[in-house]
Amino acid sequence: MLHAYVQQCDFLAVFDADFQPEPDFLMRTIPYLARNPQIALVQARWEFVNPNECLMTRIQKMTLDYHFKVEQEAGSSTFAFFGFNGTAGVWRISAIKEAGGWDDRTTVEDMDLAVRAGLKGWKFVYVGDVKVKSELPSNLKAYRRQQHRWTCGAANLFRKMGAEILLTKEVSLWWKLYLLYSFFLVRKVVAHVVPFVLYCVVIPFSVLIPEIKIPAWGVVYIPTAITVLYAVRNPSSIHFIPFWILFENVMSFHRTKATFIGLLELGSVNEWVVTEKLGSASNTKPVPQILERPRCRFWDRWTVSELLFAVFLFVCATYNLVYGSDFYFIYIYLQAITFIIVGTGFCGTSNS
């Protein structure tokens, strides 16, 4: 953006280093911007080169497929706001400048720019049939860091821009309420905290305290409805749904911590670690670097918080098995085992 030749350009295409656009990418995206001067951003869809590398990448693909097919497409088709995914998109340079340019005050500078451009009245378009290949993180530590950055950054941006969104006079009240409630509060805060609190705290505690009664809609109907929505979107992956539920519940614990770090601006709020990628769908061994890190020791992979939570779940499940009259212990045992698998790092691929 600082080069002199950029002054002669109208549009800016953005790609992360592992993204592989097709040769006709610009021919299929630029016309939207050229024909409609109100459009600031054309967002393409992500496609993945390594979804079958391990179970963790399969689960990520299911989650991201839902994000693009439902959240991004719905936001675009209803002319509501949707966020820039940070890559595989084309921006109108004048919109970037009017919005104030890139700002590194949070770890989601792409979302920050999109929100500020939206507050200026610019429109966005999501084009789902334009797909750009990329790589999913297959290493658990890399995936955890990525999710911390995305979740913490979004919550921190909500804290920083909440009042600005509410007080702006350039967009309608309905648009402001949609952005504050649906985009930020529900999808960036509640969506992470509620699954963890309900399925990892309230249900296990209910077996220890008989006075806690959870209605059937909270334990059965809503989880079933959510599962059906994901299953319909991913019919070829329907047999992975149980693993997706258990793994996402564990990750909701990690995302809940990141959410509160962002909302309260605690120590690691601006922690930025580039997501490590291994270099493709990789049947080939990565080329050794000049400076290699020492081989990862077994105990370096452990995450104490997940392991302690697994102990709590095992206690609750065993109590329910011995004294309970229901069958919650089946689910709680499975969830505890998943916490142990993630807590000990036996998830995804490993590399030295």
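1. Let's start with the parts list: the protein contains 10 helices and four strands. Please keep in mind that you are looking at a predicted model. Walking from the N terminus, you meet the elements in the order β-α-β-α-β-α-α-β-α-α-α-α-α-α.

2. Next, the overall dimensions. The C-alpha trace spans about 75 × 55 × 40 Å along its principal axes. For 352 residues, a compact globule would have a radius of gyration near 20 Å, and the 22 Å of this protein agrees with that. Of the 352 residues, 47% count as buried. Among contacts with a separation of 6 or more, 79% join residues that lie 24 or more positions apart.

3. Now a good helix to zoom in on: helix 4, residues 109-119. Is helix 4 mostly covered or mostly uncovered? It is mostly covered, with 10 of its 11 residues buried. The buried residues are D110, M111, D112, L113, A114, V115, R116, A117, G118 and L119. They pack against strand 3 (89-92), helix 3 (93-98), strand 4 (123-134), helix 5 and helix 6 (173-208). Just after helix 4, have a look at G121, which takes a positive phi of about 95°.

4. One of those partners deserves its own point. Two packed helices are described by the angle between their axes and the distance between the axes. For helix 4 and helix 5 (residues 140-167), the axes come within 11 Å and cross at roughly 20°. Angles under 35 degrees count as roughly parallel, so helix 4 is roughly parallel to helix 5. The crossing is right-handed. On the helix 4 side, the contact is made by M111, D112, V115, R116 and L119; on the helix 5 side, by A154, L157, M161, E164 and I165. Sorted by class, this contact has seven nonpolar, no polar and three charged residues.

5. Here is another pair to set beside it: helix 6 and helix 8. At what angle do helix 6 and helix 8 pack? The angle is about 130°, and their axes are 8 Å apart, with helix 8 covering residues 241-264. The two helices are therefore oblique to each other. Helix 6 passes helix 8 in a left-handed crossing.

6. Finally, the residues behind that second contact. Helix 6 brings K188, V189, H192, V193, P195, F196, Y199 and C200, while helix 8 brings N249, S252, F253, R255, T256, T259, F260 and L263. By class, the contact of helix 6 with helix 8 has nine nonpolar, five polar and two charged residues.

Methods: Residues numbered from 1 in each chain as written. Predicted model: local features only at pLDDT ≥ 70, side-chain atom pairs only at ≥ 80, totals over all residues. Heavy atoms only, no water. Axes fitted to C-alpha atoms, helices over the stretch in contact; angles between N-to-C directions. Parallel < 35°, antiparallel > 145°, perpendicular 65-115°, else oblique. Left-handed = near helix turned anticlockwise from the far one by under 90°. Contact = heavy atoms within 4.5 Å. Nonpolar A, V, L, I, M, F, W, Y, C, P; charged D, E, K, R; others polar. Rg over C-alpha atoms; globule rule 2.2 N^0.38 Å. Buried < 20%, exposed > 50% of the residue type's maximum accessible area, 1.4 Å probe, protein only.
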